[in-house]
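Good morning. I will talk through one structure today, starting with the chains and ending with a single residue. Please have a look at it first.

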Amino acid sequence: MRSQAAKFVAAARRALADPPLQDAVKRATDTAARKRDLAMFAHGRDHGEALRQQAAAARRRALSRLPELLEQAEAHLTANGATVLWAADAAEVCAHVLDIAARHHVRRVTKSKSMVSEEVGLNDALAEAGIEVLETDLGEYIIQLAGEPPSHIVTPVIHKSKEAIRDLFVQRLGMPPTDDAATMARFARGHLRAAFLSSDMGISGGNFIIAETGTLCLVTNEGNGRMVTALPRVHVALVGIEKVVATLEEYVLLTQVLPRSATGQAMAVYTHMINGPRRAGEPDGPEALYVVLVDNGRSAIYGTSYAEVLGCIRCGACINACPIYEATGGHAYGWVYPGPIGAVLTPLLTDLKDASALPHASSLCGKCKEVCPVDIDLPRMLLDLRYDLVEAGHMPWLWDAGMRAWSTATRSPRLFHSAARAAQIGQGLLPQGRKVPLGPLGGWSASRELPRFARQSFRAWWAARNQEEDRHDQS
Amino acid sequence: MTSRETILARLRAARRPFADTPPPGDYLPVAPVDDEHPAALVEHFAARAEALNCTVHRCPDERAALAAILDVIGADRQVLCWDFAHIPLPGLGAALARAGVAVAPPSDPSVRVGITGADAALAATGSLVIASGPGKPRQVSLLPLVHVAVVRADQIVPHLEAWLATVRARGLDAFQAASSTVIISGPSRTADIAMELILGMHGPGELHIVVLEDTSA
């Protein structure tokens with residue numbers, strides 16, 4: 001998927017003028033955030049906090065041994081009968097999948113949700129090769145019909161109302177009109193069931209890979225993840241290289257913390273551990289299993305101060321907690337990952353300059369770190385990215401000019417004094433107590449009342465006060 | 001260099017993040033269970049499963065269990081079913097035959113009810129652990145709209161961590177021998193349409209759990 005992050009400001013402005021969108025997003029994220037709190041603290045706040053630290057340590061241990069664990073995982077996956085492929089970038093992921101499809105004479109593909117497949121633009125690559133590809137997670141199916149990207153990593157149609165989904169199904173699938181969500185879902189179930197049964201290849205993501213056993217792990221609620229890994233002849237899993245964990249114990253911990261943080265469920269409906277393709281004597285399951293280990297920018301982050309972002313387990317809790325996401329929705333962020341995690345990942349995995357608005361799309365309130373099940377310090381990284389943007393010269397000229405002027409003024413008492421005097425006098429010329437766009441400062445001033453400068457500067461007040469005291473002392 | 005070599009070399013050349021993270025100590029269970037006595041585990045399991053929209057049939061004996069299953073099957077003439085050897089109800093085959101209910105091939109998508117056993121059950125979360133294998137098709141718990149799972153009370157363990165301890169005790173080879181192990185917690189669900197909870201999105205919309213409370217009698 002090509003990043004549209006460069007258009008964040010314009011896209012966010014459009015979202016801000018769309019109250020129905022904001023209502024839908026606010027309702028959904030508030031609910032998810034409330035359920036997350038209930039689930040994480042079901043056994044008390046101390047227990048929940050201890051779980052968070054335990055889960056954070058599990059991810060950090062895995063990252064500290066990442067190359068070794070990847071090799072161990074590869075060896076065990078292979079011993080279990082899977083074929084392991086490595087992909088350095090998006091093009092290589094698509095090439096691997098097309099190659100597998102050709103080898104197995106695949107014409108139809110069903111997919112369960114995979115954010116990595118969105119990163120690499122897999123659906124377009126398959127369609128160009130003449131292979132029919134159908135998303136089967138209900139939310140992904142809806143946005144595929146609508147021709148839109150997902151707006152949330154867990155609930156991809158968070159931005160769409162029930163009425164909008166109804167109209168889409170009526171227009172595109174010929175569904176008899178209904179306002180009953182269950183009837184709509186049943187209609188989609190029928191359509192997708194036929195697709196599962198006739199597809200040659202299933203594509204999934206992967207939530208974890210357990211290194212010590214070579215186990216591919218998925219969590220889903222709808223059951224489409226089970227369908228695409230049980231019914232088609234071939235199963236291909238796309239998994240980021242950072243998703244490996246060392247042991248079953250670390251997995252058992254993380255696979256429970258994940259749904260608690262994502263949807264407030266104690267367990268996902270289907271917590272799935274796959275140890276290879278169908279075995280001799282088994283009546284179902286795929287004949288072949290391929291696991292594609294995807295880098296696509298991750299190894300470049302590994303040695304940097306941003307390495308901790310690789311610990312992310314994609315629960316979406318930071319997105320649900322973010323006041324900026326609540327205001328703009330997910331599409332404004334312009335790439336696969338929205339919200340605070342996206343504001344860090346998009347500049348790192350795509351292009352820092354292109355995504356330069358995203359690290360600023362934060363009030364730095366810190367809620368994203370507070371709710372992160374693996375305690376990733378997103379606010380720290382947002383600040384570091386802002387620093388990097390300045391260092392790389394990617395800030396607007398006005399920012400640079402303003403900061404240079406500030407720097408010069410604050411280093412000279414005389415200049416500072418004159419500037420303060422100028423501000424006292426100058427504010428008389430500006431409207432007070434109103435929000436007005438002020439030329440190039442409009443982005444800031446249009447939504448804020450101008451600050452009122454004191455009639456007397458602190459320095460003047462201090463000097464006067466000391467004179468007063470001197471008089472007292474002398475009397 | 002292959003991509004594999006390139007990626008691994010880049011990771012190896014980098015400064016190791018989190019090199020000072022301590023090794024794991026004792027793991028705090030994510031969902032602790034206060035009372036781990038067998039009778040309490042059944043209570044806990046049934047309460048959690050019902051909270052997930054499962055129907056739990058607590059049966060004192062095999063006859064009650066068979067009656068509960070035939071009641072779910074109703075007037076249907078066909079079911080999907082695991083090999084009877086993997087379901088802890090010795091009389092099931094005969095009871096189905098007597099009722100005129102045939103077992104359809106597992107891939108038949110038109111059948112409404114699928115009957116399985118389970119490898120374990122988790123009290124803390126009302127979950128079933130189900131491994132695939134010969135005679136245990138995964139489709140039986142996936143394709144039908146109604147899934148009936150039969151578990152013995154003594155198969156209920158406190159939580160996922162306790163299940164893992166049994167896996168370790170048996171050895172990892174036994175775990176890896178099953179190409180698919182799925183932990184099922186309630187019926188298939190979605191909330192993708194305006195956050196409304198809908199059951200039975202792709203998998204079963206009804207999950208009946210038949211608990212055999214006393215298998216020694």
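What follows is a walk through two chains, the places where they meet, and one residue in chain A.

A word of caution before the details: this is a predicted model.

Let me begin with chain A. Its helices number 22 and its strands 10. If you draw a box along the principal axes, the C-alpha atoms of chain A fill roughly 105 × 55 × 45 Å. Chain A has 475 residues, and 49% of them count as buried. Now take the contacts in chain A whose partners have a separation of 6 or more: 75% of these are between residues 24 or more positions apart.

Chain B next. Here we have six helices and 12 strands. The C-alpha trace of chain B spans about 70 × 45 × 40 Å along its principal axes. There are 217 residues in chain B, and buried ones make up 49%. For contacts between residues at least 6 apart in the sequence of chain B, 78% join residues at least 24 apart.

Now to the place where the chains touch. How many residues of chain A are in contact with chain B? The count is 76 residues of chain A, facing 60 residues of chain B. On the chain A side, these divide into 39 nonpolar, 21 polar and 16 charged.

I will pick out three pieces of this meeting, two made by helices and one by strands.

The first piece pairs helix α12 of chain A, residues 248–262, with helix α5 of chain B, residues 160–170. Their axes come within 10 Å and cross at roughly 160°. An angle over 145 degrees counts as roughly antiparallel, and therefore α12(A) and α5(B) are roughly antiparallel to each other. The crossing of α12(A) and α5(B) is right-handed. From α12(A), the contact uses Leu248(A), Glu249(A), Val252(A) and Gln256(A), while α5(B) brings Leu160(B), Glu161(B), Leu164(B) and Val167(B). Sorted by class, the residues of this contact are five nonpolar, one polar and two charged.

The second piece is helix α4 of chain A, residues 66–79, against helix α1 of chain B, residues 3–13. These axes come within 8 Å and cross at roughly 150°. That angle makes α4(A) roughly antiparallel to α1(B). Leu66(A), Pro67(A) and Leu70(A) of α4(A) meet Leu8(B), Leu11(B) and Arg12(B) of α1(B). In this contact of α4(A) with α1(B) there are five nonpolar residues, no polar ones and one charged.

The third piece is made of strands. Strand β9 of chain A, residues 270–274, pairs with strand β9 of chain B, residues 180–184. The sense is antiparallel, over five bridges. To find your place in the pairing, look at Ile274(A), which stands opposite Ser180(B) in β9(B).

Last, one residue inside chain A. Thr328(A) lies in helix α15, residues 323–328 of chain A. Is Thr328(A) buried or exposed? It counts as buried, because it has 26 C-beta neighbours inside 10 Å, and 20 or more are enough for that. Leaving out residues up to four places away in sequence, Thr328(A) touches Ala12(A), Ala15(A) and Leu16(A). Compare sequence and space for Thr328(A) and Gln22(A): they are 306 residues apart in sequence, but 7.1 Å apart from C-alpha to C-alpha.

That is the end of the tour.

Methods: Residues numbered from 1 in each chain as written. Chains lettered and ligands numbered in written order. Predicted model: local features only at pLDDT ≥ 70, side-chain atom pairs only at ≥ 80, totals over all residues. Axes fitted to C-alpha atoms, helices over the stretch in contact; angles between N-to-C directions. Helix = DSSP H or I, 4+ residues; strand = E, 2+ residues; numbered from the N terminus. Parallel < 35°, antiparallel > 145°, perpendicular 65-115°, else oblique. Left-handed = near helix turned anticlockwise from the far one by under 90°. Contact = placed C-beta atoms within 7 Å. Nonpolar A, V, L, I, M, F, W, Y, C, P; charged D, E, K, R; others polar. Pairing = 2+ DSSP bridges. Buried ≥ 20, exposed ≤ 12 C-beta atoms within 10 Å, placed from the backbone.
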